[in-house]
Amino acid sequence: MKRFLKEVVINNRINQFSKNFRENYQLYIMLLPGLILLFVFKYIPLYGITLAFKEYNPMLGILGSPWVGLKYFQQFFESPDFWQLMQNTIILSAMALVAGFIAPIILALLINQVRSVGLKKNIQLIVYAPNFISVVIVVGMLFIFLSPVGPVNSLITSKGFKEIPFMTSAEYFRDVYVWSGVWQVTGWGSIIYLAALSNVNEELIEAAKLDGASLLQRIRYIELPTIKPIAVILLILSAGSLMSIGFEKVYLMQTSLNMATSEILPTYIYKQGLLMNNYSYSTAIGLFNSAINLVLLIGVNMVVKKLNEGEGL
Amino acid sequence: MWKKIKNTPSGDYPAYIIIYGLLIAIVILTLYPLFYVFVGSFMDPYELLRNGINLDVSTWSLDSYSKIFSNSDIVVGFKNSMIYSFTFATLSVIITLLFAYPLTQKELKSRKVINYAMIITMFLGGGLIPTYLLIRNLGMLNSPLAIIIPGLFNVWNIILVRTFIKGIPADLQESAKIDGASHFIYFFKVLLPLCVPIIAVIFLYSFVGMWNSYFDAMIYIDDRSLQPLQLVLRRILIQNEVPPGMIAEQQAANQLAMLAEQLKYASIVVSSIPLLIMYPFFQKYFEKGAMVGSIKG
């Protein structure tokens, strides 16, 4: 009897499901292209991660290559490059993070003080524009402007100072990377803060003026508190991406003379993997890097949940 | 503008002067490098290196541009980038909308599972080598498909569109259902016209993203005739390469270096102009994407 009931329940479930499927087959048709892409390009590579624990042999493929355990992780941790790479990655990332956090807030507060709507719109149009320039062009422009014979150095030498090897010394790499990043994306980053500031109650500001609050006081007590919640969330989020700094710009900026500071994990992974064909070693370092990212992200998500009354990302 | 400022306490004037001063400085700092490259692209490279930019238009020439446009690498790269970006953006819109709509439908029982399967991939990826091996095994090396297809499924875009569709009043679908409309009919006849703003956002972001990227093309495409513009630019701007067809006529090494220098300016102008022209017209869509992106992010 019990078994019979169970069967009925299961049959019912199957029936329900097939009924649901028949009624909504159109939805599944719509999902199909995306599902195929999701499976092939997001899940199959996940399986390839096993390479990190195998000695890759092109003849045998990923499946057939022999297991070697943690050999490649050990090789990486013991390699003389390890600490240098970690240090370069974290310092560059942290510098970019701090500058990328503060600059848009300052810019938004400045732009928000402009009273004429038309002027404000034009300023925004201009400061957003560099965001649309490709990283190849931005780095190309850096090489033009900062070369020994470029306009920046001719200005410096004409003032009687010594020429600065911006692109060809380890000393200046980080500053050039961070400040060119500030030039490119600060305007775009200010959008979110400007939107928040546009919600400030005009009457509140007028009342503050009548009470004799100065501009700085109005910024400090009305505008800053308005953008604080968003700023906190964005800061925490970017902390979660501390180790996932982008490859593209750093790689283009690398010259043989600035490697001491410009070699970071993603560029090292690329070179080990695709230029030197150490597939397993490269995959192991990549996995190590994503594991750190994942831990940071989970940590950050927990913090956000706490602050955000249970609502995670 | 002045009327408003009159209302402000007079003690604020110095602060306003500083603020406007800073903004003027920021605008100049933003525009000057672009302006320099633009003017430089019309100048003689020797003159440019010696004295910087010269605003006397009568000394300008279109020499760099005629060299650029007679360079098949740049012309082919430009054409390739146009085709790749347009194809990528169009397919992105189609895949994203088709995928996002079912995820808003309560009748779709597997909605939650699919959602999880999709979100997980935002945090876990195979990484460089496993992806490279997959592309190789699929026989897509040296084919434009390698840079177009893998990025089409973009979780971020799907979330964006799903949020947008959820914001459309549910009554609309209820009444469509009562009229006997199937999912297809509702999606194509009712929903799509309402989704134009979000379609524009996805299209533009995908287009710009593809136009500006070089990494995938660098690792997957060797054949010069298939390379997108950014790779050609990388050779000219970063690797200081003079396109092969031009070497014969220029002999001395310093002349070659000058030619390499000269090509840089005009190639920057040519390659960034499509986006810089397009951007002001679509600014509101770009901004909308940035807004939704950062709030949800």
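**Exercise 1.** Find which residues of H7(A) meet which residues of H9(A) in this predicted model, then work out how the two helices are arranged.

*Solution.* Start with the contacts. From H7(A), pick out Val138(A), Leu142(A) and Leu146(A); across from them in H9(A) sit Val176(A), Ser180(A) and Gln184(A). Sort these residues by class and you get 4 nonpolar, 2 polar and no charged.

Next, look at the axes. H7(A) covers residues 135-146 and H9(A) covers residues 170-189; their axes come within 11 Å and cross at roughly 120 degrees. Since 65 to 115 degrees would count as roughly perpendicular and over 145 as roughly antiparallel, that angle makes H7(A) oblique to H9(A). As for handedness, the crossing is right-handed.

**Exercise 2.** Check whether the end-to-end distance of H5(A) agrees or disagrees with its number of residues.

*Solution.* H5(A) runs over residues 82-112, which is 31 residues. At 1.5 Å a residue, the expected span is 45 Å. Now take the end C-alpha atoms: they're 45 Å apart, so the two values agree. While you're there, look for buried residues in H5(A), among them Leu85(A), Ala96(A), Ile105(A) and Asn112(A).

**Exercise 3.** Decide whether H11(A) is buried or in the open.

*Solution.* Count the buried residues among the 9 in H11(A), residues 202-210: the number is 0, so this helix lies largely in the open. Just keep going along the chain and you'll meet Gly212(A), which follows H11(A) and has a positive phi, near 85 degrees.

**Exercise 4.** Describe the side of chain A that touches chain B.

*Solution.* Begin with the totals: 74 residues of chain A are in contact with 75 of chain B. Helix H2 of chain A (residues 25-48) gives the largest share of chain A's side, 14 residues. By class, that side has 52 nonpolar, 17 polar and 5 charged residues.

Note on methods:
Residues are numbered from 1 along each chain as its sequence is written. Chains are lettered from A and ligands numbered from 1 in the order in which they are written. This is a predicted model: local features need pLDDT of at least 70, side-chain atom pairs count only at pLDDT 80 or more; totals for chains, interfaces and linings use all residues. Helices (H or I, at least four residues) and strands (E, at least two) are DSSP runs, numbered from the N terminus. The expected span of a helix is 1.5 Å times one less than its number of residues. A residue is buried if 20 or more other C-beta atoms lie within 10 Å of its own, exposed if 12 or fewer, and partly exposed in between; C-beta atoms are placed from the backbone. Two residues are in contact if their C-beta atoms, placed from the backbone, lie within 7 Å. Ala, Val, Leu, Ile, Met, Phe, Trp, Tyr, Cys and Pro count as nonpolar, Asp, Glu, Lys and Arg as charged, and the others, Gly among them, as polar. Axes are lines fitted to C-alpha atoms, for helices over the stretch in contact, and angles run from 0 to 180 degrees between N-to-C directions. Angles under 35 degrees count as roughly parallel, over 145 as roughly antiparallel, 65 to 115 as roughly perpendicular and the rest as oblique. A crossing is left-handed if the near helix is turned anticlockwise from the far one by less than a right angle, and right-handed if clockwise.
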